[in-house]
Amino acid sequence: MSETAWTGGQITARAHCVLAPNPGPMTLDGTNTWVLLEPGSTEAIVIDPGPLDEQHLQRVCRVVADAGARVTHTILTHGHADHAEAAPRFAELTGSRVRAVGRGHDDLADGDVIRAGSLEIRVVATPGHTSDSVSFALAADHTLLTGDTILGRGTTVVAHPDGELTAYLASLKRLADLTGNGEVTSILPGHGPVVPDAAAMVAFYRTHRQERLEQVRQALTDGASREADPVEGVLTRVYADVPREVWPAARMSIRAQLDYLAIR
């Protein structure tokens with residue numbers, strides 16, 4: 001979990017990252033737009049075209065054109081604007097179709113296989129960050145593109161009320177199974193650098209979630225449950241060391257944790 005600045009570029013034989021110009025507390029270095037292309041192929045898949053920034057979209061198009069290819073699929077890991085806002089414009093620029101969870105006849109479902117030439121990626125449903133979050137397994141590179149389910153640095157938010165902790169914990173268990181059997185060895189996240197040891201990062205995420213839950217339980221016992229707003233009570237006790245610019249996201253995660261604990 002290096003703090004070195006991340007700039008994207010050609011990462012594997014089949015995956016090139018074009019970094020969007022939207023850095024921030026929640027987006028880290030910016031949104032990773034992934035161009036997937038089998039070497040020598042003329043068909044490419046683009047995952048998460050990012051925010052609506054014309055220069056960024058043109059850079060993505062140049063990466064594809066320089067490889068002698070065209071975009072046949074524009075795919076979204078989830079619907080948050082920093083990943084999906086540019087999708088309609090990018091589809092217009094490339095003549096590609098947009099596919100995501102909740103897109104009518106182009107809905108993505110768990111286990112779907114998407115092909116571009118001889119390249120194949122498999123849809124892995126990973127709800128929790130949001131209800132529509134999916135990841136994509138690129139078996140040829142033993143990689144998994146995770147959107148915001150797993151980040152390249154730090155941890156992600158469970159974006160309550162759409163995000164839900166029971167689902168997120170189940171998704172982490174599923175990723176633990178994928179990384180534990182060697183099917184996935186590295187992670188290509190939606191923000192931050194590539195994760196070279198996928199199994200270790202998933203294990204870290206699972207441990208972190210359990211530790212946070214224990215901290216929230218303790219905060220409730222220590223008096224947060226009796227405050228006018230238990231969310232703020234937990235926030236000041238458990239997240240005091242978290243930068244204030246990410247407190248709005250912390251509040252969403254706290255609400256998700258309180259909902260989870262209420263049914264346990």
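Which residues of β7 form its covered face, and which form its uncovered one? In this predicted model, the covered face of β7 holds I114 and A116, whereas V113 and R115 make up the uncovered face. Strand β7 belongs to an open five-stranded sheet, and a separate entry below treats an open sheet of six strands. The briefing then turns to the salt bridges, which number 12, and to the surroundings of V157, a residue in the loop between β10 and α4.

**The five-stranded sheet**

- The strand order is β7-β8-β9-β10-β11, and the pairing is mixed.
- Strands β7 and β11 are the edges of this sheet, each pairing on one side only.
- From one strand to the next, the twist averages 25 degrees.
- In a regular strand, side chains alternate between the two faces of the sheet. In β7, I114 and A116 lie on the covered face, and V113 and R115 on the uncovered one.
- Strands β7 and β8 run antiparallel and are joined by four bridges. Within this pairing, R115 has E120 of β8 as its bridge partner.
- The same two strands form a hairpin with two residues between them. G117, in the turn, has a positive phi of about 65 degrees.
- Strands β8 and β9 also pair in the antiparallel sense, over four bridges. Here R122 stands opposite A137 in β9.
- Helix α4 packs on this sheet and touches β8 and β10. The direction of α4 makes about 140 degrees with that of β8.

**The six-stranded sheet**

- This open sheet has the order β1-β2-β3-β4-β5-β6, again with mixed pairing.
- Its edge strands are β1 and β6, each of which pairs on one side only.
- Strand β3 (residues 32–37) pairs with β2 in the antiparallel sense over five bridges. The bridge partner of C17 in β3 is W34.
- Helix α1 (residues 54–66) packs on the sheet, in contact with β2, β3, β4 (43–47) and β5 (70–75). The direction of α1 makes about 160 degrees with that of β2.
- Helix α3 (residues 87–94) lies across β4, β5 and β6 and runs at about 160 degrees to β5.

**Salt bridges**

- The count of salt bridges comes to 12, among them the three pairs described here.
- D141 and R14 meet through their side chains at 2.5 Å, N to O. D141 lies in the loop between β9 (134–138) and β10 (143–147), and R14 in the loop between β1 (9–10) and β2 (15–19), so this salt bridge ties together parts that are 127 residues apart in sequence.
- Both partners fall under the 20% limit for burial: D141 is buried at 14% relative accessibility, and R14 is buried at 16%.
- The side chains of R174 and D110 form a salt bridge of 2.8 Å, N to O. Because R174 lies in helix α4 (residues 165–180) and D110 in the loop between β6 (97–99) and β7 (113–116), the pair ties together parts 64 residues apart in sequence.
- R174 is partly exposed, with a relative accessible area of 29%, and D110 is partly exposed at 42%.
- E183 and R122 meet in a salt bridge of 2.4 Å, N to O. The pair links distant parts of the chain, 61 residues apart: E183 is in the loop between α4 and β11 (186–189), and R122 is in strand β8 (residues 119–125).
- E183 is partly exposed at 30% relative accessibility, and R122 is partly exposed at 25%.
- R14, E38 and D141 are joined into one network by salt bridges that share partners.

**The surroundings of V157**

- V157 lies in the loop between β10 and α4. This residue is buried, with a relative accessible area of 10%.
- Leaving aside residues up to four places away in sequence, V157 touches M26, H129, R209, A249, M252 and S253.
- V157 and T42 are 115 residues apart in sequence and 37 Å apart in space, C-alpha to C-alpha.

Technical notes: Residues are numbered from 1 along each chain as its sequence is written. This is a predicted model: local features need pLDDT of at least 70, side-chain atom pairs count only at pLDDT 80 or more; totals for chains, interfaces and linings use all residues. Side-chain values use heavy atoms; hydrogens and water are left out. A salt bridge is a side-chain nitrogen of Lys or Arg within 4 Å of a carboxyl oxygen of Asp or Glu. Buried means under 20% relative accessible area, exposed over 50%, partly exposed in between (1.4 Å probe, protein chains only). Two strands pair if DSSP finds at least two bridges between them. Axes are lines fitted to C-alpha atoms, for helices over the stretch in contact, and angles run from 0 to 180 degrees between N-to-C directions. Contact means heavy atoms within 4.5 Å.
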